[in-house]
Amino acid sequence: MRRPLEYGLIEAAMTRARDGTGGTDALVGAAASALEEIASGRRELRAVRHPLGFLCLPVEREAERGVCVHVFGPAARHAAALTTSPVHAHSWDLASCVLYGQVGNLRVRVRESPERPTHRVYEVRSGPASVDEIRPTPRLVTYEAGPEETSVGGEIYTLPAGHFHATVVPPGTFAATLLLGRSLPGRHDLSLGPVHGAVHRVVRLTCGAEQTARTARTVLRRIHGHPSG
């Protein structure tokens, strides 16, 4: 039987690492433990190909909290076509530990611009069977990209709910993160998209058992410093 993750311990480890009073060994250990269970089949889940171009291993979900491992790399990019832009805002507070590689977080400032918009804000409502319903809102906007904050293996980055950003991973490189999210009531995920778009649905593609296990084994090898082993 799989072991549930201890959210309190992960949250405490994230806090210590961010404050500089502790390292990320406990977080890497928690990720490795979950990945070993996925690789062996003891933890039954399927990786999901996210439209933003990464593989998501949904390790645990409990009420408003969830833990995932996100895997970036060339093999993770074959997902459903992105119908909005990469600029998005979560309905949940995010704390993420980079397990290996390099992950950039491009902060974005969105301004209301009903007269000369470049984008419209869309709500993304996730339903059963990995189906996202994407709904245009009345908000017409422009945006300005801020500085890119880059985190490497062993570092933590955070992002409050509602803050627009885009994740940047250099083309052809590999990275993975252990992500802890806490949903806030009454919020929806948001994305910037075309001014004249319509309501539509996007299906997140689910990997099979063998591909999911293979992904977990690959991430484990890279965590342990064997990128081609």
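## Strand pairing, burial and ring contacts

Reader: Which residue is the bridge partner of Arg109 in β8?
Author: This is a predicted model. Strand β6 covers residues 102–112, and strand β8 covers residues 131–152. The two run antiparallel. In β8, Arg109 has as its bridge partner Glu144.

Reader: How many bridges join β6 to β8?
Author: Strands of a sheet pair through backbone hydrogen bonds, either parallel or antiparallel. Here β6 and β8 run antiparallel. The number of bridges joining them is 10.

Reader: β6 is also joined to β10. Which residue of β10 is the bridge partner of Gly104?
Author: Strand β10 spans residues 165–168. β6 and β10 run antiparallel, joined by 4 bridges. For Gly104, the bridge partner in β10 is Val168.

Reader: Is β7 largely enclosed by the rest of the structure or exposed, and how many of its 8 residues are buried?
Author: Buried means under 20% relative accessible area. Enough residues of β7 meet that mark, so the strand is largely enclosed by the rest of the structure. Of its 8 residues, the number buried is 6.

Reader: Which residue of β12 stands opposite Arg120?
Author: β7 is joined to strand β12, residues 189–193, by 5 bridges. The two strands run antiparallel. Opposite Arg120 in β12 stands Gly193.

Reader: β7 and β8 form a hairpin. Which residue in the turn has a positive phi?
Author: 7 bridges join β7 to β8, and the strands run antiparallel. One facing pair is Ser126 with Asp132 in β8. The hairpin leaves 4 residues between the strands. A positive phi of about 60 degrees belongs to Ala129.

Reader: Is Ala129 buried or exposed?
Author: Ala129 is placed in the loop between β7 (119–126) and β8. Its C-alpha atom is separated by 18 Å from that of Leu82, 47 residues apart along the chain. The relative accessible area of Ala129 is 67%. The cut-off is over 50%, so Ala129 is exposed.

Reader: In what order do the 7 strands of the open sheet run?
Author: The pairing is antiparallel. The edge strands, β9 (156–159) and β14 (205–206), each pair on one side only. The order is β9-β5-β11-β3-β2-β1-β14.

Reader: Which residue of β11 stands opposite Gly66?
Author: Strand β3 holds residues 65–72, and strand β11 holds residues 175–183. They run antiparallel, with 8 bridges between them. Opposite Gly66 stands Gly181.

Reader: What angle does the direction of helix α3 make with that of β5?
Author: Helix α3, residues 209–223, packs on the sheet. The helix touches β1 (48–50), β2 (54–62), β3, β5 (92–100) and β11. With the direction of β5, its own makes about 65 degrees.

Reader: How far apart in space are Gln211 and Ala17, C-alpha to C-alpha?
Author: Gln211 lies in helix α3. Gln211 is partly exposed, with a relative accessible area of 26%. In sequence, Gln211 and Ala17 are 194 residues apart. In space, C-alpha to C-alpha, they are apart by 32 Å.

Reader: Why is the pair of Phe54 and Phe72 called tilted, and at what angle are the planes?
Author: A search of the whole structure finds 1 aromatic pair. The ring centres of Phe54 and Phe72 are 5.3 Å apart. The pair links strand β2 to strand β3, 18 residues apart, and both residues are buried. Planes under 30 degrees count as stacked and over 60 as edge-to-face, so the pair is tilted, with its planes at 50 degrees.

Reader: How far is the charged end of Arg222 from the centre of the ring of Phe174?
Author: The charged end of Arg222 sits over that ring. A charge over a ring must be within 6 Å of the ring centre. From the centre of the Phe174 ring, the distance is 4.0 Å.

Reader: How many disulfides does the structure hold?
Author: The sulfurs of Cys56 and Cys68 are 3.8 Å apart, and Cys56 is in no disulfide. Cys68 is in no disulfide either. Both count as buried, Cys56 at 12% relative accessibility and Cys68 at 14%. A disulfide needs sulfur atoms within 2.5 Å, and the number held is 0.

Reader: Is Thr24 buried or exposed?
Author: Thr24 lies in the loop between α1 (7–19) and α2 (25–40). Leaving aside neighbours within four places in sequence, its contacts are Ala17, Cys97, Gly154 and Ile156. At 10% relative accessibility, Thr24 counts as buried.

How values were computed: Residues numbered from 1 in each chain as written. Predicted model: local features only at pLDDT ≥ 70, side-chain atom pairs only at ≥ 80, totals over all residues. Heavy atoms only, no water. Buried < 20%, exposed > 50% of the residue type's maximum accessible area, 1.4 Å probe, protein only. Pairing = 2+ DSSP bridges. Contact = heavy atoms within 4.5 Å. Axes fitted to C-alpha atoms, helices over the stretch in contact; angles between N-to-C directions. Phe/Tyr/Trp six-rings, centres within 6.5 Å; stacked < 30°, edge-to-face > 60°. Lys NZ or Arg CZ within 6 Å of the ring centre and 35° of its normal.
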